[in-house]
Amino acid sequence: MPNRRLLLDRLRQAVASSTRTERHGALLFLDLDNFKALNDTLGHDIGDLLLQQVAQRLVGCVREGDTVARLGGDEFVLMLEDLSENSQEAATQTESVGEKILAVLNQPYQLDAQRYHNTPSIGVTLFVDHDGSVDELMKRADMAMYQAKAAGRNTLRFFDPVMQAEVTTRVALEADLREAVLKGQFVLHYQAQVAGDGRLTGAEALLRWNHPQRGLVSPMEFIPLAEETGLILPMGLWVLQTACAQLAAWAARPDMAHLSIAVNVSACQLHHVDFVAQVLAVLDSTGARPHHLKLELTESLLVKDVEGVIAKMTALKARGVGFSLDDFGTGYSSLSYLKRLPLDQLKIDQGFVKNILTDSNDAAIAKMVVALAESLGLAVIAEGVERQEQSDYLALQGCHAYQGYLFGRPLPIEAFDPGTVSA
Ligand code: C2E
Ligand code: MG
Ligand code: MG
């Protein structure tokens with residue numbers, strides 16, 4: 001089977017000929033899922049048997065002129081030539097070869113006395129007319145293969161410029177985010193929470209990233225990445241510390257002492273072993289009163305280790321910390337879990353509030369959340385309230401706590417609380 005050098009040679013020729021014929025070619029990077037585990041458990045001889053059989057099957061999937069090469073380890077590369085001039089069609093042709101490979105490699109293997117099942121992950125890039133160097137093409141197919149792995153393996157992914165752009169942005173954002181954590185580029189904004197009579201009862205703390213070039217970056221843009229990379233842990237701790245320090249400062253001010261602060265908590269924070277200890281340590285070190293701290297959880301938290309979550313909530317609740325279920329209605333909480341969680345409040349998702357006056361389904365859901373809260377003995381608050389009519393309608397349904405632009409936008413602390421003495 002051709003090795004890397006021979007493959008690169010053939011790829012160079014293929015690119016040249018595609019430039020002449022204007023026909024597409026395709027490069028497929030293929031990696032066997034869990035091959036290392038097989039090698040480690042059954043030994044290298046069995047591993048080699050698998051590689052031989054994979055190679056045979058791959059050769060059976062392509063046409064005469066196509067190339068099947070082994071890069072080393074469990075990595076194979078296939079090169080298809082003379083595909084359509086039309087890139088959509090070429091993609092479809094490649095896709096069908098890819099699907100065939102997936103099907104064939106999913107068939108059980110007989111390795112000595114062992115019957116064995118294995119799957120591949122495949123990355124694909126098309127080429128035509130010199131649109132990239134040979135190295136560049138190899139890199140693209142390799143990147144697409146990692147996308148296939150990330151998508152859960154046993155699947156095929158295409159590389160395309162949109163994907164490239166996504167990858168590049170992500171890498172840059174991640175580097176920036178790491179720096180932001182080190183340099184402390186975050187700020188908290190506070191958004192008013194009010195009671196039915198308009199009285200201020202507290203605020204939700206909302207994270208902002210004050211980036212030197214990008215400006216103020218929305219959490220929608222960086223929280224998901226922070227969660228994926230684990231950076232949410234130091235960031236979340238900073239949010240908690242800042243909010244608790246604010247609570248402590250308010251406690252000393254008769255006009256502000258009654259206010260609570262709601263802090264958003266990501267699933268990975270709560271699932272972290274030290275979470276309870278960290279929250280308690282922050283309460284201690286800042287002197288914040290636990291009854292004024294409300295942690296906002298989302299339903300996605302309940303996908304995993306519900307028992308553990310309940311235990312942690314119960315431990316914090318014993319110290320007075322409150323819990324609100326954010327974005328309620330958008331997830332898939334089982335009602336039986338809901339009953340067992342030591343919650344204090346449900347937060348009607350802004351998506352339902354938005355169309356509450358025009359969409360009868362959304363209105364019905366909002367109404368149902370209010371009724372559910374009532375029957376579970378929980379408070380309820382609506383978020384994203386922008387218009388008086390929405391607030392009036394919610395009041396009619398029995399919801400008497402609100403948050404939204406109607407009452408105030410998220411503001412830096414100096415604007416939210418003009419009485420703030422800056423450090
Ligand atoms: P969320 O917790 O559901 O926060 C409510 C979002 O709705 C906020 O967006 C807020 O600015 C926005 N909002 C408030 N009132 C209105 C309104 O009347 N109309 C409209 N259209 N929007 C309104 P933001 O600040 O961009 O935060 C987005 C999400 O980012 C938050 O959703 C929360 O899930 C997450 N997030 C924010 N801060 C933190 C944090 O410190 N930690 C974690 N883990 N997540 C955070
Ligand atoms: Mg929230
Ligand atoms: Mg929300």
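In these legends, a residue counts as partly exposed when its relative accessible area lies between the buried class, under 20%, and the exposed class, over 50%. Aspartate 344 is partly exposed because its relative accessible area is 30%. The views below all come from a predicted model.

**Figure 1. The salt bridge between lysine 317 and aspartate 344.** The closest N and O atoms of lysine 317 and aspartate 344 are 2.7 Å apart. The pair links distant parts of the chain, 27 residues apart: lysine 317 belongs to helix α11 (residues 306-318), and aspartate 344 to the loop between α12 (335-340) and β14 (345-348). Lysine 317 has a relative accessible area of 29% and is therefore partly exposed. Aspartate 344, at 30%, is also classed as partly exposed.

**Figure 2. The salt bridge between aspartate 176 and arginine 214.** The side chains of aspartate 176 and arginine 214 meet with an N to O distance of 3.0 Å. Because aspartate 176 lies in helix α6 (residues 161-183) and arginine 214 in the loop between β9 (200-211) and β10 (215-217), the pair ties together parts that are 38 residues apart in sequence. Aspartate 176 is partly exposed, with a relative accessibility of 22%. Arginine 214 is likewise partly exposed, and its relative accessible area is 40%.

**Figure 3. A salt bridge within helix α5, formed by glutamate 136 and arginine 140.** Side chains of opposite charge can pair when their charged atoms come close. In this view, the N to O distance between arginine 140 and glutamate 136 is 3.4 Å. Both residues lie in helix α5 (residues 134-150), where four residues, about one turn of the helix, separate them. Glutamate 136 is partly exposed at 24% relative accessibility. Arginine 140 has a relative accessibility of 16%, so it counts as buried.

**Figure 4. A network of salt bridges.** Four residues are linked in this network: Glu204, Glu296, Lys347 and Glu383. A search of the whole structure finds 19 salt bridges. Glutamate 383 is buried, with a relative accessible area of 6%. Glu383 appears again in the next view, among the residues that coordinate a magnesium ion.

**Figure 5. The coordination of the magnesium ion (ligand 3).** Asp326 (OD), Asp327 (OD), Glu383 (OE) and Glu383 (OE) coordinate the magnesium ion (ligand 3), at 2.0 to 2.4 Å. The spacing of these donor residues in sequence is D-D-x55-E. Aspartate 327 in strand β13 (residues 322-328) and glutamate 383 in strand β15 (residues 379-383) link distant parts of the chain, 56 residues apart. Aspartate 327 is partly exposed, at 26% relative accessibility, whereas glutamate 383 is buried, at 6%. The magnesium ion (ligand 2) is 4.1 Å from the magnesium ion (ligand 3), and aspartate 326 coordinates both.

**Figure 6. The largest cavity and its lining.** The structure has two cavities of 30 Å³ or more, and the largest has a volume of about 80 Å³. The elements that give two or more residues to the lining of the largest cavity are α8 (232-251), β11 (260-264) and α10 (275-286). Helix α8 gives the most, with five residues. Lining residues include Leu233, Leu240, Val263, His272 and Gln278. By class, the lining of the largest cavity comprises seven nonpolar and five polar residues, with no charged residues.

**Figure 7. The second largest cavity and its lining.** The second largest cavity holds about 40 Å³ of space. Helix α1 (residues 4-21) supplies the largest share of the lining, four residues. Among the lining residues are Ala14, Ser17, Arg23, Glu81, Asp82 and Phe127. By class, the lining of the second largest cavity has two nonpolar, five polar and three charged residues.

**Figure 8. The surroundings of aspartate 417.** Aspartate 417 is placed in the segment after α16 (413-416). With a relative accessibility of 3%, aspartate 417 is buried, because that value is under 20%. When neighbours within four places in sequence are left aside, the contacts of aspartate 417 are Gln246, Trp250, Arg253 and Met256.

Conventions: Residues numbered from 1 in each chain as written. Chains lettered and ligands numbered in written order. Predicted model: local features only at pLDDT ≥ 70, side-chain atom pairs only at ≥ 80, totals over all residues. Heavy atoms only, no water. Buried < 20%, exposed > 50% of the residue type's maximum accessible area, 1.4 Å probe, protein only. Contact = heavy atoms within 4.5 Å. 1 Å grid on protein atoms, 1.4 Å probe; cavity = no way out; pocket = protein on both sides within 12 Å on 5 of 7 lines; lining within 4 Å. Points joined across faces, edges and corners; volume = space filled by probe spheres on them. Nonpolar A, V, L, I, M, F, W, Y, C, P; charged D, E, K, R; others polar. Donors = N, O, S within 2.8 Å, 3.2 Å for Na, K, Ca; no water.
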